[in-house]
Every structure is written in C-alpha cells, then in structure tokens.
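Please open the structure in your viewer and keep the selection panel at hand, as this tour moves from one selection to the next.

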Amino acid sequence: MKLSTLTLAVSLTFAACYVGGVMPFSAVAAETAPQSIEDISKVNGSIKLAAGSIAGEVSTVNGSINLAEDSQVQSASTVNGSITLAERAQVTGEASTVNGSIKLASGSKVMGELSTVNGDMVINSSTVAGDVSTVNGTLKIEGSQIAGNLTTLNGNVSLLAGSVVQGDLVYAERTARKSWFSWFGKDKHKPATLTISADSNVQGQIILKQEVNLKLENAALAARVVKQYTE
C-alpha cells in the first residue's frame, strides 16, 4: 500500500470517530486538551471533564463528577457520588447529589442551587448564586458568597474568612420521632453548632427551628437570630 493511501485510510478512520463533531465519552475521558462536548449521561461510572471543557447537562447515577480547572457545564447531578469543582470551574445551572460530598475550589461558581442530602459540603473562595442546602452533613464555607438561602437539618455549619450569606440561614425543624431508646432517656439529639467568624456575615435572618449551639464572633448577629422552637 502506498504511503498516501495509508494516510488517507487513517484520516477517514479518525474522522469516523467524531461524527457530528462530538467526541465519544471514552475519548473525552482520555483527552487532556480542551474540548467542547454535548450532554453526558451515565448510569454506572464517574465523569471527569478535562481542563477547559464545555458540556451541557452532566449526570450519573452511581459515580462521582469531577470538573477540572476552567471547565463549564450546564448542570451536574448524581445519586451516589461526590461532586468536585476545581479552580474556576463553573456550573451555569444547579449541582446536586443525594449520597455524596460537594467541594468547590477557589474561583469556582454555581449559578443555580447547590444541594446534597447525605454528605459534607466545602465551599472555598467560591460563588453560589442560588440556595445551598444539605440534610445530613457539615457545611464549611470559607471566603465565599452565597446569594440565596442556606438551609440544613442535621449538621454543623461554619462561615469563615469573610463569607457572606445574602439570604437567610435556616436550621430546619426536626421531625419528632420516637425510638426504643426513648424508654431509657437516650433519645435526645445532640444540637448542631453554628459558627460564624467575626469577618463573616448573614444579611438575612438566622432562623432556628431547633436547638442549635451558637458561636457568633460578631455579637451584632445575635439580633438576627429568630428562634422558632420550644425550648
């Protein structure tokens, strides 16, 4: 076979792998150069976007989602897995997981809601334009801006290093539930702890629908505490 013929065959084979200009996910996962791709959906397996990638809706059921530096997606959702945004990564919609943690690195942005049910959340020098919520997990927010409300049920919350919640900070009401431990007086839940550093702020109200240990380094924030539970 002549060299020119061989070159043509290889070129046609390569082009066939990218019909419509969309890379297969296997190629996306292995590629390190910036890519522009469509929606990515999986059932089993994690999804990792390379630096500078652009994608639509990214979702998986059993697996984590990792967005490298300067990548951007319309939304990110998983059921069993974590969500991680590297520096300057952006989600233009919402990011959510059911069983998994969420981590936002410096300069990253989530323009919609950010939520997890069972998992910790760490937001570092980032911006969330929507609400932030968790049910069972701690929230550590450092040097970040939360434009919406911050809501939790079971878990400690720390606002540190000049963090600002522009909406309300809410500890939701616990559902009254008795167990056999109550017969021995051991059914009392240990209160969560809310820590707000002197340089951090909640511009809305601090609404407590359950008992919470307050560590407010700025005494002026005490005026924004609204207790909606019976002591």
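Which residue forms a salt bridge with Glu87? In this predicted model, select Glu87 together with Arg88, and you will find that the two form a salt bridge in which the closest N and O atoms lie 3.4 Å apart. Glu87 is partly exposed, because its relative accessibility of 39% falls between the limits of 20% for buried and 50% for exposed.

Keep Arg88 selected and add Asp70, since these two residues also form a salt bridge, here with the closest N and O atoms 2.7 Å apart. This pair links distant parts of the chain, with Arg88 in the loop between β7 (83–85) and β8 (90–91) and Asp70 in the loop between β4 (65–67) and β5 (72–73), 18 residues apart. Arg88 is partly exposed at a relative accessible area of 42%, and Asp70 likewise counts as partly exposed, at 41%. Through shared partners, the salt bridges join Asp70, Glu87 and Arg88 into one network, and the count for the model comes to two salt bridges.

Next, turn to the strands and display the open sheet of 10 strands, which pair in parallel in the order β1-β3-β6-β9-β12-β15-β18-β21-β24-β26. At its edges stand β1 (40–41) and β26 (225–227), and because each has a single partner strand, one side of each is left without a neighbour in the sheet.

Finally, within this sheet, select residues 75–80 and 95–99, which are strands β6 and β9, paired in the parallel sense over four bridges. Centre the view on Thr78, and you will see that Thr97 in β9 stands opposite.

Technical notes: Residues numbered from 1 in each chain as written. Predicted model: local features only at pLDDT ≥ 70, side-chain atom pairs only at ≥ 80, totals over all residues. Heavy atoms only, no water. Salt bridge = Lys/Arg side-chain N within 4 Å of Asp/Glu carboxyl O. Helix = DSSP H or I, 4+ residues; strand = E, 2+ residues; numbered from the N terminus. Buried < 20%, exposed > 50% of the residue type's maximum accessible area, 1.4 Å probe, protein only. Pairing = 2+ DSSP bridges.
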